[in-house]
Amino acid sequence: MKSIKTIFKVGYGPSSSHTMGPSFAAEHFKAQYPDADRIRVILYGSLSKTGVGHGTDRAIQETLMPIRSDISFDMHTETPVHPNTLDFIAYKAEQEIGKKRYYSIGGGEIVADGEKALVPDDVYPHKHFTEIATYCKANHLRLSDYVFMHEGEEIKTFLLNVWDVMQRAIYEGIGKTGILPGGIDVERKAQFLFNQKHIDESPQTKENRLVCAYAFAVSEQNADCGIIVTAPTCGSCGVVPAVLKYMQDKNRFSDEDIVRALAVAGLIGTIVSTNASVSGAECGCQAEIGTACSMASAALCELFEMGIDQIEYAAEMAMEHHLGLTCDPVCGLVQIPCIERNAVAAMRAINALSLSNFLYGSRKVSFDFVVETMYRTGKDLSHLYRETSEGGLAKLYSTE
């Protein structure tokens, strides 16, 4: 199984699979043909159908500069390997000098046809939660210790930087007002939520308001092409930082505690990406928000030093109750319903923490089982509900 660094990527929003991945592919291809005077790019599947709303063409053009680029959107050709497929063709004096097909598989990860160099080496000897849990119990390890053992001490520095970027996105998001770009006049709401304090506000209401404000802040930064951390994707980047920021402030957890929590969150996300998918174009929003909620709930359990079985139950619950969630972004933008979903999932992660504390002994479904279920469910979803903006909320909204 790969490093948890593949789950946490720092970069510009609004989409890890539609912005980050294609820009990484463009960077890789450009390095192979530095003498090209023109590069043609063809986008297929979900990349073609929602690429304009996600800014896919802009991200590729900016990456390929100063080489001139021509980008086209192929809405009809079937791409059986992965819906996020793109072709690059390099020209010198109008003569083709090279071409390469890439797949943007989610979370900013890319795969190129016939190039193993783009696939990082395995870091972990196990790939399923059950295997990891058995090993940790036999060796008296917490899940975070398991991560540090296999990733090395340098992963702590990496995660501290991840936490710094996450917090910065919260602060910057709360500090801004106005309308998000894209043309559907979505107003930033994080600052409004953060400032709505009432004298008689209950602790429960305050928790809901602040957690949602943090999730909105990061998600709005993402929608505005700001710098965020995929967790596991751009579209679901607000869930993990929202719950960790709230709990750190409330309970005075140290940054070292947060690093342990992020290590466990990364492990959960990596298990999902290894055995299923975190791509909305491949498995719907359940793969993005569902995984983010699992990551957040597991991270919270680690913060409160709960046991491995409790962590598994929290992560399993969080995923299970997002099964079947469709990806139907209005106008191809990561705004409606994406921003609100981050806030709802953050609150659900806190609920999973509480329930796992009380009920973990009665668990009947394993995390590995629910991950496999999510993947099969995603494959069964119609393409209309897998980030094409052709069905569901996206379709109905356009008729108003």
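**Exercise 1. How many cavities of 30 Å³ or more does the count come to?** State the volume of the largest cavity and describe its lining.

*Solution.* The model is predicted.

Step 1. The count comes to one cavity of 30 Å³ or more.

Step 2. The largest cavity holds about 140 Å³ of space. Its lining comprises 17 residues, and those closest to the centre are Gly235, Glu288, Cys327, Val334 and Cys338.

Step 3. Two or more lining residues come from each of helix 1 (16-32), helix 13 (285-303) and helix 15 (338-359). Helix 13 supplies the largest share, three residues.

Step 4. Sorted by class, the lining of the largest cavity consists of eight nonpolar, six polar and three charged residues.

**Exercise 2. Describe the largest pocket and the second largest pocket by volume, lining and residue class.**

*Solution.*

Step 1. The volume of the largest pocket is about 460 Å³. Around this pocket stand 24 lining residues, with Lys2, Ile105, Glu109, Ser273 and Thr274 nearest its centre. Strand 5 (95-106), strand 6 (109-112) and helix 11 each give two or more residues to this lining. By class, the lining of the largest pocket has 12 nonpolar, eight polar and four charged residues.

Step 2. For the second largest pocket, the volume is about 380 Å³. Gly45, Glu78, Thr79, Pro83 and His383 are the closest to its centre among the 18 residues of its lining. The elements contributing two or more residues are helix 2 (45-49) and helix 12 (280-283), and the largest share, three residues, belongs to helix 2.

Step 3. The lining of the second largest pocket divides into five nonpolar, eight polar and five charged residues.

**Exercise 3. Which residues of helix 5 (residues 129-138) are buried, and why do they line one face of the helix?**

*Solution.*

Step 1. With buried taken as under 20% relative accessible area, the buried residues of helix 5 are Phe129, Ile132, Ala133 and Cys136.

Step 2. Viewed down the axis of helix 5, these buried residues fall within an arc of 100 degrees, and therefore they line one face of the helix. In general, an α-helix has 3.6 residues a turn, so residues three or four places apart point the same way.

Step 3. On the face turned away from the buried side, helix 5 carries the exposed residues Thr134 and Ala138.

Step 4. The cover over the buried residues of helix 5 includes helix 6 (143-151), helix 11 (255-275), helix 14 (308-320) and helix 16 (367-380).

Step 5. Just after helix 5, His140 adopts a positive phi of about 55 degrees.

Conventions
Residues are numbered from 1 along each chain as its sequence is written. This is a predicted model: local features need pLDDT of at least 70, side-chain atom pairs count only at pLDDT 80 or more; totals for chains, interfaces and linings use all residues. Side-chain values use heavy atoms; hydrogens and water are left out. Buried means under 20% relative accessible area, exposed over 50%, partly exposed in between (1.4 Å probe, protein chains only). Helices (H or I, at least four residues) and strands (E, at least two) are DSSP runs, numbered from the N terminus. The arc is that of the directions from the helix axis to the C-beta atoms. Contact means heavy atoms within 4.5 Å. On a 1 Å grid over the protein atoms alone, a cavity is a set of points where a 1.4 Å probe fits but cannot get out, and a pocket is an open set with protein on both sides within 12 Å along at least five of seven lines; lining residues have an atom within 4 Å of a point. Grid points are joined across faces, edges and corners, and a volume is the space filled by probe spheres set on the points. Ala, Val, Leu, Ile, Met, Phe, Trp, Tyr, Cys and Pro count as nonpolar, Asp, Glu, Lys and Arg as charged, and the others, Gly among them, as polar.
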